Structure formats: C-alpha cells, structure tokens
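Here are my notes, as promised, for when you have the model open on your screen. I've kept them to numbered points so you can work through them at the bench.

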Amino acid sequence: MLGWSDQELCDVHDLVMLDLDGVVYVGGAAVPGAAASISAARDRGMHPAFITNNASRTPETVAGHLTELGVPARVADVVTSAQAAARVLAQELPRGARVVLLGAAGLEQALEAEGLEPVGVEDDAEAVVTGYGPDVLWRDVMRAAVRIRDGLRWVASNTDMSIPTPYGTAPGHGVLVETLRRFTGVDPVVAGKPERPLLEETIRRVGGERPLMVGDRLDTDIEGAVRLGIPSLLVRTGVSGLGDLVAARREERPTYLAADLSGLLRPHPQVHQDGGAWECGGWRAEVVDGALRVVGEGTPDDWWRAAASAAWTHLDGAGDVVDVAAVHPPADDVGAAR
C-alpha cells in the first residue's frame, strides 16, 4: 500500500532523483510549476539529480537544455544511462580496455571518462556497449550481433521500447536490444531503469543518505526504485494514468502520489481502511462488483490515494484489475506549487 509522511518530502529526503521527460519537461516545454518546485525543494536542502535512460546525449547537453527551460542544472547533477553502462564496464574491465561502441556521443564520452577506449565493430575488443544512436548503421548492428553471439560481453544502456520525437513516438533502443537478444540468445547487462545501475550511479555521483525517486512511468521509474529498495513518488504529468495505476503489480507501486513536483513540498496523508473501503481526505473508495467507486470530496491527490489503495487491495485479493470506466478523477491543478 501507499506510504505516508506528516512532513514535506523535501524535509524527509536529502536527494531527489528526477526522471526528465514527463516529470520535468514534456516534449519541448517545461512542466508548469516544475522549475519553481525544484527550486523550492533545493532551498529546503533537497539536492536534485536529473536522470535519464537516454544514452545519446551528454550531461552537458542535458544540463544546457534544462537551463534553457528555466530549470537550472549543473553538469554534475545530470546522470545518464550511458554513464551507468560505462561504470558497469569499468568495474569489470581493466583501465584502457577496448569496447565496441554502438551508439552516440553520450555513450562515447562516458566510456572515455571511465578510462575505456571506444572502438569500431571490426576492432579487437573485450566488450560491446549499445545505446540509442540515430546514425548507427545496420551493417554495424549486424557485425556487433555476430560478435555478441560468438561470446563478446554485452552491456546495454537501456531497454526502452519507445522514445518521444518531434514527429511522434518512435522505436527506442529496446527494439534493437530485443532484436539482438533474439538473434544471439544472449541477455545483456542493462544499465538503465528499471535495473539498478543508473540509480546506484546517481547516488554514488551526487550523494545522499535518504534518496527519493520521482517518475511518471510505473514500469521504469517506480519499478527501478522498488528494486533498489528506496521510496518513490509518481507524478501525473507524464504517461501513467488511472488505468495503469490500478493495474500496477506490487513491484510497480509507488510510495507516494502527487499531481506534479509540488508534491515534494507537501505532506502525504495516510490512507485508512474502513471495512472494505479506503478513505483519504474526505474521499471513500471501494470496489463493488469488480468496479471502482469513489465518493466524497477533497483534493485530487487524496482521490487518487484512496482509489489506488482500493484498487490494489482488490487486485491482490481477487487477482483482477478493477473496472474504472465509470469513475472520473477530479481535475488536477497541475503546476500549483506551494
């Protein structure tokens, strides 16, 4: 079930690991109120880290983009799956080891920063690392695939099946990973969310005794936090909606729920069970004949807390996802930071 805190989260956690797309920005624009919320949390002593599964962009590029959007970010506060992948390899290989690079500039820079030498698909090497790269050639993919099949160690930056682009959602690096996996019969070591290396690398680089993961995706951001054993906050400014939330497996369930990053600046009340119903802040949620019902009045966040608790109790007990066709969440006041 959901966690709770009678203190503002920014006073409980000293490190907040922020997913980017869907949390800090959507497409080319900052999420309303995100910059103000991050700034206020920082002023209260919470250190923000900006993390991304995208291995193509360098930390300098990401920090510059955030700053242009009004979210000041230092290069040292940005951690990418490319850096996590390079760290995984650096822990396994001697300094100066040659690594076949199948990716873009962010991955190349990360390898070099760890003292590894990026090389081409035909060169002698001790491993291959793959990441999203729009200019990767199919002939290089084929050559790398054969070498992986023949025993070359393989680390993948992430397994995201899709990525946002100016022309719509497009295939992500996960599509290439799945192609290589099916051809080679080899499962790579994966650095990005939901696997542990990216979050571990963030804590190692940025520091923090009480980290909090914030994301908009249950299957990467939240599951990654659960695997690492740290609390998480799901915000509703990205892709996961009510249907996703009520169907969440145990390993995908967040500790906290909020409309947006202003949730960092607020307490999170406890949801109480009353018989077969769950109550929070004036809302009462229960499942009747397999359908979710929520009655009462209060804040949108408390509606979602009660609804999620009732839905998860039903899912764990009956094994069925509740029907949400007849329920309508109250409108969020997105971007309303305290």
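The points below go through the sheet, then a couple of helices, the cores and an aromatic pair.

1. First, a reminder: this is a predicted model. Please read everything that follows in that light.

2. Let's start with the open sheet. Six strands make it up, in the order 5-4-1-13-14-15, and the pairing is parallel. Strand 5 (78–80) and strand 15 (256–258) sit at the edges with a single partner strand each, so one side of each has no neighbour in the sheet. From one strand to the next, the twist averages 25°. As general background, strands of a sheet pair through backbone hydrogen bonds, either parallel or antiparallel.

3. Now follow the pairings from strand to strand. Strand 1 pairs with strand 13 (residues 211–215) in the parallel sense, over four bridges, and here Met17 stands opposite Met213 of strand 13. Strand 1 is also joined to strand 4 by five bridges, and these two run parallel. To find that pairing on screen, look for Leu18, which stands opposite Phe50 in strand 4.

4. Strand 4 deserves its own look. Five of its six residues are buried, so to speak of it as mostly covered is fair by the under 20% cut-off for relative accessible area. Three bridges join strand 4 to strand 5, again running parallel. Thr52 is the residue that stands opposite Thr80 in strand 5.

5. Which residues of helix 2 are buried? In helix 2 (residues 34–43) they are Ala34, Ser37, Ile38 and Ala41. They lie on the same side of helix 2, because the arc they cover around the axis is only 95°. What do these buried residues pack against? Their partners are helix 1 (9–12), strand 1 (15–19) and strand 4 (47–52). Just after helix 2 comes Gly45, with a positive phi of about 105°.

6. Helix 8 (residues 197–206) makes a useful companion to that point. Its buried residues are Pro197, Leu198, Leu199, Glu201, Thr202 and Val206. Note that Glu201 and Thr202 are on that list. Here too a glycine follows: Gly207, just after helix 8, takes a positive phi of about 90°.

7. On to the largest nonpolar core, which has 31 residues; Leu89, Val99, Leu111 and Val129 touch the most other members. Strand 1, strand 4, helix 4 (81–92), strand 6 (98–102), helix 5 (105–113), strand 8 (127–130), helix 8 and helix 9 (218–228) each supply at least two residues to this core. Helix 4 gives the most, with six residues.

8. If you want one residue to click on in that core, try Leu111. Leaving aside residues up to four places away in sequence, Leu111 touches Ala86, Leu89, Val99, Leu101, Leu116, Pro118 and Val129. Apart from this core lies another, of 29 residues, including Cys10, Tyr25, Leu212 and Leu265.

9. Last, the aromatics. How many aromatic pairs are there? The count comes to one. The pair is Trp303 with Trp304: their ring centres are 5.7 Å apart and their planes are at 70°, so this is an edge-to-face pair. Trp303 and Trp304 are both buried.

Conventions: Residues numbered from 1 in each chain as written. Predicted model: local features only at pLDDT ≥ 70, side-chain atom pairs only at ≥ 80, totals over all residues. Heavy atoms only, no water. Buried < 20%, exposed > 50% of the residue type's maximum accessible area, 1.4 Å probe, protein only. Arc of directions from axis to C-beta. Contact = heavy atoms within 4.5 Å. Core = buried A, V, L, I, M, F, W, Y, C linked by side-chain atoms within 4.5 Å. Phe/Tyr/Trp six-rings, centres within 6.5 Å; stacked < 30°, edge-to-face > 60°. Pairing = 2+ DSSP bridges. Axes fitted to C-alpha atoms, helices over the stretch in contact; angles between N-to-C directions.
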